[in-house]
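Here are my comments on the model you sent. I looked at the empty space inside it and at the charged pairs.

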Amino acid sequence: MRATPLKSFVSLAAVGLLATGCGQGLLSSGDGGGDKGAKSGDPIVLGMLIPQSGSEAAIGPYMSNAAQLAIDEINAKGGVLGRKLELKTADDACDAQSAAAGANKLVTEGVDVSVGGYCSGATLPTLPIFGKANIPMIIPAANSQELVDQKLKHVFLINGTGSQQAASAEKWMTKQGAKSVVLMHDNTSYSKDIALRTKALLDAPGGADAALVETVTPKESDYSANVTNVLAKKPDFVYWTGYFQEGGLIARQLRQAGYKGSIMVGDGSVSPKLVEIAGAEAAEGVYATMTQTPDTLEGAEGWIAAYKKKYNTEPGPYSNQAYDGVRLAAEAITKAGGTDGAKVIAALEGIDGFQMFSGPLKFTPEHTLSNGGFQILVVKGGKITLQDSLK
């Protein structure tokens, strides 16, 4: 799967006109496949669980804004099967209990497809809730391998998996000549999964030495004890696999303690907030494993301009994935001829060549991307920019 979209795709996507390479476009009309909503003229409802409160709340608007942008573009061209799309959001606060409550709320509100999911630990408990209600899930951000390992027919990931991220991290650290690596995680499903999978790759013959796996307690302000443990191992690479709130603090405190080696963070830490929390000096040169962001998308100027015009702000991490999640849901509903869950799931499984920002889509048998699309970003001058596409 290509790392960047064609310029022609972006110009089409910006006005919501793109069709797939194997069948009718997402703006086709029809009778709704017998759905009661199609007969009554009710909208097709997409549900999105995102963090709207808590430490990761900065990510929520990026995702919901982009989802709404896609919906507005599709609706402006007639909707899907003659029906308008509507977005309902719920706050998962990156917390399992809040996420379960939010998922139940969305089910009660009659959503047809779920297009949310940022924190893996919060997304995991929602899988059986949506599954019981026969609601397909297109997950744009959450990517712990645990989500894949559930082997649930209604779950589809359009972000790279934990295994793919770990492989990219190991590849970059090896490319940089790392000899000793400390892995740091917060014991959540997403963070621990990436750290342990990276360790397994590093521990393979010929790999760098995974000198330490350090567990931190999230939502604290002082990580000096963890920093002391890290420095004792004298690593040339520290890889933090958790979220930006703690990542920013850890980067700052490592530098304040005199650490001179390389720091890298996982995709959950890719946010302007990381730089803000760490401070410009400590954040400078911090690497990140991450899939495509608006800033690293070649030829995305038209789409970024449309987002900025609508919201008067720049799109951020996972906005492009959320946008594509809505478009993919619309395409699957079109191909299914309605919103019946089993038919939409079958349509998703049959997708072949649907053009997304990450490239043409065809799901693996595990309902994941065949190529995770991870690349290496770096903080330069306070901005998170592309360092290496890892092609």
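The points below take cavities, then the pocket, then salt bridges.

1. Status. This is a predicted model. Please read each point with that in mind.

2. Cavity count. The structure has four cavities of 30 Å³ or more. The largest has a volume of about 80 Å³. The second largest holds about 50 Å³.

3. Largest cavity. Its lining comprises 13 residues. Nearest the centre lie Ile158, Gln292, Asn320, Gln321 and Ser358. Helix H15 (residues 319-336) gives the largest share of this lining, with three residues. By class, the lining has eight polar residues, four nonpolar and one charged.

4. Second largest cavity. Here the lining includes Tyr118, Tyr190, Tyr243 and Tyr318. Ala141, Ala142 and Asn143 are also among the lining residues, as are Ser120, Asp267 and Gly268. The classes are six nonpolar, three polar and one charged.

5. Largest pocket. Its volume is about 380 Å³. The lining is made of 17 residues, and Pro272, Asp295, Pro315, Lys383 and Ile384 lie nearest the centre. Two elements, helix H12 (272-278) and strand S14 (383-388), each give two or more residues to this lining. The lining divides into nine nonpolar, five polar and three charged residues.

6. Salt bridges. Side chains of opposite charge can pair when their charged atoms come close. The structure holds 13 salt bridges. Three pairs and one network are worth a look on screen.

7. Lysine 153 and glutamate 349. What ties these two parts of the chain together? The two residues form a salt bridge, with the closest N and O atoms 3.0 Å apart. Lysine 153 sits in the loop between helix H7 (145-149) and strand S5 (155-157), while glutamate 349 belongs to helix H16 (residues 341-349), so the pair links parts that are 196 residues apart in sequence. Lysine 153 is exposed, at 54% relative accessible area. Glutamate 349 is partly exposed, at 31%.

8. Lysine 199 and aspartate 203. In this salt bridge the closest N and O atoms are 2.5 Å apart. Lysine 199 is partly exposed, with a relative accessible area of 27%. Aspartate 203 is partly exposed, at 39%.

9. Glutamate 314 and lysine 308. The closest N and O atoms of this salt bridge are 3.1 Å apart. Glutamate 314 has a relative accessible area of 40% and counts as partly exposed. Lysine 308 is partly exposed, at 37%.

10. Network. Asp149, Asp193 and Arg197 are joined into one network by salt bridges that share partners.

Key
Residues are numbered from 1 along each chain as its sequence is written. This is a predicted model: local features need pLDDT of at least 70, side-chain atom pairs count only at pLDDT 80 or more; totals for chains, interfaces and linings use all residues. Side-chain values use heavy atoms; hydrogens and water are left out. On a 1 Å grid over the protein atoms alone, a cavity is a set of points where a 1.4 Å probe fits but cannot get out, and a pocket is an open set with protein on both sides within 12 Å along at least five of seven lines; lining residues have an atom within 4 Å of a point. Grid points are joined across faces, edges and corners, and a volume is the space filled by probe spheres set on the points. Helices (H or I, at least four residues) and strands (E, at least two) are DSSP runs, numbered from the N terminus. Ala, Val, Leu, Ile, Met, Phe, Trp, Tyr, Cys and Pro count as nonpolar, Asp, Glu, Lys and Arg as charged, and the others, Gly among them, as polar. A salt bridge is a side-chain nitrogen of Lys or Arg within 4 Å of a carboxyl oxygen of Asp or Glu. Buried means under 20% relative accessible area, exposed over 50%, partly exposed in between (1.4 Å probe, protein chains only).
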